[in-house]
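Here is a short note for a colleague who is meeting this structure for the first time. The points below may be read in order, with the model open alongside.

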Amino acid sequence: LRSAVSGTTESVNQVLAQGSQCYDAISGQINNAFSSISTGAGATAGTLNSVASEVQVMIDRYTGFRDSVQQLADSFPLASDLLQPIIGNLNESIAHQEAVRDKLNEAAAKITETASDAGNYQVQLDQLVKQGSQQISG
């Protein structure tokens with residue numbers, strides 16, 4: 001009976017040790033997965049913010065050009081009828097560019113927020129894995 005119990009105890013200890021190693025491996029995989037999310041999200045958000053800055057430069061140029069055309073229209077009332085459609089088109093273009101810029105900034109913020117949420121999940125998962133490992137190792 002002692003031999004059987006001893007053999008069973010060794011088998012249980014081996015299974016528990018393997019379970020603990022499994023949880024350690026799971027914890028490593030979780031950390032790697034969330035690390036890549038955070039790094040990738042940061043790079044993506046940075047790129048989107050850079051593009052938004054470039055779009056802002058375009059907006060500033062179009063706005064400056066529109067203001068110049070508006071000054072011409074104000075200075076030469078006879079030409080105003082010819083210049084108003086150009087000003088209208090520039091205003092539409094500026095509005096569209098502003099929408100693009102705003103969406104880029106929004107996407108960057110959401111990606112950053114999502115990565116932050118992922119970090120919260122990582123902490124929660126890590127705690128659960130540690131609890132599971134502690135329960136196995138006793």
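**Notes on the model**

1. A place to begin is the surface, where Tyr121, Leu125 and Leu128 make a nonpolar patch of about 310 Å². Of these residues, tyrosine 121 lies in helix H2, which spans residues 77-137. Please keep in mind while reading that this is a predicted model, and that what follows describes that prediction.

2. As for the overall build, the protein chain contains 2 helices and 0 strands. The chain has 138 residues, of which 21% are buried, and it exposes about 9500 Å², with carbon and sulfur atoms supplying 57% of that area. When contacts with a separation of 6 or more are considered, 83% of those in the protein chain join residues that stand 24 or more positions apart.

3. Which residues form the largest nonpolar core? This core has 8 residues, namely Ala45, Leu48, Ala52, Val55, Ile59, Ile94, Leu104 and Ala108. Helices H1 and H2 each supply at least two residues of this core, although H1 gives the most to it, with 5 residues. There is also a second, separate core of 5 residues, which includes Val69, Leu83, Ile87 and Leu90.

4. Alanine 45 is a useful residue to examine within the largest core, and it lies in helix H1, which covers residues 2-75. Is alanine 45 buried or exposed? Alanine 45 counts as buried because its relative accessible area is 4%, which is under the 20% limit used for that class. Leaving out residues up to four places away in sequence, alanine 45 touches Ala108, Ile111 and Thr112. Its C-alpha atom is also separated by 7.5 Å from that of alanine 107, although the two residues are 62 residues apart along the chain.

5. Alanine 52, another member of the largest core, touches Arg101, Leu104 and Asn105 when residues up to four places away in sequence are not counted. Arginine 101, one of these partners, forms a salt bridge with aspartate 102, and the closest N and O atoms of that pair are 2.9 Å apart. The two members of the pair fall into separate exposure classes, since arginine 101 is buried with a relative accessible area of 17%, whereas aspartate 102 is partly exposed with a relative accessible area of 40%.

6. How many salt bridges are there by the rule applied here? The count comes to 3. Side chains of opposite charge can pair when their charged atoms come close. Besides the pair described in the previous point, arginine 66 forms a salt bridge with aspartate 67, the closest N and O atoms being 2.9 Å apart, and aspartate 67 counts as partly exposed at 35% relative accessibility. The side chains of glutamate 106 and lysine 103 also meet in a salt bridge, at 3.4 Å from N to O. Both glutamate 106 and lysine 103 lie in helix H2, where they are 3 residues apart, about one turn of the helix. Glutamate 106 is partly exposed, with a relative accessible area of 39%.

7. Leucine 90, which belongs to the second core, has its place in helix H2, and it counts as buried at 10% relative accessibility. Its contacts, once neighbours within four places in sequence are left aside, are with Tyr62, Phe65, Arg66 and Val69. Leucine 90 and arginine 66 are 24 residues apart in sequence, yet their C-alpha atoms are 6.1 Å apart in space.

8. Asparagine 89 also lies in helix H2, but at 51% relative accessibility it counts as exposed. The C-alpha atoms of asparagine 89 and arginine 66 are separated by 9.3 Å, and these residues are 23 residues apart along the chain.

9. Finally, a residue of helix H1 deserves a look, namely threonine 47. Threonine 47 counts as partly exposed because its relative accessibility is 48%. From C-alpha to C-alpha, threonine 47 and leucine 104 are 9.5 Å apart in space, while in sequence they are 57 residues apart.

Terms used:
Residues are numbered from 1 along each chain as its sequence is written. This is a predicted model: local features need pLDDT of at least 70, side-chain atom pairs count only at pLDDT 80 or more; totals for chains, interfaces and linings use all residues. Side-chain values use heavy atoms; hydrogens and water are left out. Patches are made of residues with over 30% relative accessible area and no salt bridge: like charges are joined within 9 Å, nonpolar side chains (Val, Leu, Ile, Met, Phe, Trp, Tyr) within 5 Å. Accessible areas come from the Shrake-Rupley method with a 1.4 Å probe; for residues, only the protein chains shown count as cover. A salt bridge is a side-chain nitrogen of Lys or Arg within 4 Å of a carboxyl oxygen of Asp or Glu. Helices (H or I, at least four residues) and strands (E, at least two) are DSSP runs, numbered from the N terminus. Buried means under 20% relative accessible area, exposed over 50%, partly exposed in between (1.4 Å probe, protein chains only). Contact means heavy atoms within 4.5 Å. A nonpolar core is a set of buried Ala, Val, Leu, Ile, Met, Phe, Trp, Tyr and Cys residues joined through side-chain atoms within 4.5 Å.
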